[in-house]
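Visitor: I would be grateful for a close look at one part of this model. Please begin with the packing of two helices and then proceed to the neighbouring topic of the sheet.

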Amino acid sequence: MPYTLPKLPYDYNALEPHMDEETLRIHHDKHHQSYVDGLNKAMEALDKARKNSDFAMIKHYERELAFHGSGHILHTLFWENLTPAGKDKPNGDLLKQIEKDFGSYEAFKAQFTQAAIAVEGSGWVILVYHPMLCRLDILQCEKHQNLTVWGSQPILILDVWEHAYYLKHQNKRPEYIQDFWKICNWDKAEARFTHCCKCQ
């Protein structure tokens with residue numbers, strides 16, 4: 001079964017004025033779709049290589065799998081991290097873990113914001129939980145798959161590729177990040193954290 005583009009969990013204009021409808025349509029319908037298509041193409045090529053025992057292009061298609069597969073997964077999680085009904089901060093166990101690992105919610109938010117601003121070129125900033133380390137951390141993920149840590153579980157994800165914000169914010173990435181905090185879906189982040197803790 002080929003992978004398909006998931007529907008957004010809200011209308012295209014639901015995140016305005018913080019994220020505009022035109023950007024959301026292009027980002028979801030065009031950019032995310034391209035990663036789904038690239039993932040399917042890589043999977044088909046790898047399946048054909050296995051059947052024919054022809055691995056001359058194995059490095060290329062495994063790299064394509066990592067890039068497009070990660071792009072598809074991160075975008076899917078990113079859409080879920082946005083909501084028209086954003087709230088200021090998380091509650092419960094996730095907030096306690098943030099305070100434990102970062103000192104305070106404000107310290108976490110400042111670090112996450114600066115990490116997002118500092119991503120070189122195209123990429124993401126991700127609040128992750130390390131089950132083996134039993135702690136939260138913030139990762140910069142360049143492209144879709146570089147600078148990651150094995151076993152990390154994404155909790156909160158922000159896309160800082162320029163196509164995510166350029167129509168509305170132009171080159172003002174810090175303004176885009178500030179708008180992100182207003183539509184951040186902490187309920188989803190809390191659910192992911194709870195799930196990670198149960199699976200340990």
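Guide: In this predicted model, helix 4 (residues 105–118) packs with helix 6 (residues 173–182) at an angle of about 140 degrees, and their axes lie 10 Å apart. Helix 4 is therefore oblique to helix 6. The crossing of the two helices is right-handed. On the side of helix 4, the contact is made by Tyr105, Phe108, Lys109, Phe112, Thr113, Ala116 and Ile117; helix 6 contributes Arg173, Pro174, Ile177, Gln178, Phe180 and Trp181. Sorted by class, this contact of helix 4 with helix 6 comprises 9 nonpolar, 2 polar and 2 charged residues.

The sheet may be considered next. It is an open sheet of 3 strands in the order 2-1-3, and the pairing is antiparallel. Strand 2 (135–142) and strand 3 (153–159) stand at the edges; each has a single partner strand, so one side of each is left without a neighbour in the sheet. On average, and with direction ignored, neighbouring strands are turned by 20 degrees against each other. Strand 1 (residues 123–130) pairs with strand 3 in the antiparallel sense over 6 bridges. Within strand 3, Pro154 stands opposite Val128.

Two helices pack on this sheet. Helix 3 (residues 92–102) touches strand 1, strand 2 and strand 3, and its direction makes about 80 degrees with that of strand 2. Helix 7 (residues 186–198) also touches strand 1, strand 2 and strand 3; the direction of helix 7 makes about 155 degrees with that of strand 3.

How values were computed. Residues are numbered from 1 along each chain as its sequence is written. This is a predicted model: local features need pLDDT of at least 70, side-chain atom pairs count only at pLDDT 80 or more; totals for chains, interfaces and linings use all residues. Side-chain values use heavy atoms; hydrogens and water are left out. Axes are lines fitted to C-alpha atoms, for helices over the stretch in contact, and angles run from 0 to 180 degrees between N-to-C directions. Helices (H or I, at least four residues) and strands (E, at least two) are DSSP runs, numbered from the N terminus. Angles under 35 degrees count as roughly parallel, over 145 as roughly antiparallel, 65 to 115 as roughly perpendicular and the rest as oblique. A crossing is left-handed if the near helix is turned anticlockwise from the far one by less than a right angle, and right-handed if clockwise. Contact means heavy atoms within 4.5 Å. Ala, Val, Leu, Ile, Met, Phe, Trp, Tyr, Cys and Pro count as nonpolar, Asp, Glu, Lys and Arg as charged, and the others, Gly among them, as polar. Two strands pair if DSSP finds at least two bridges between them.
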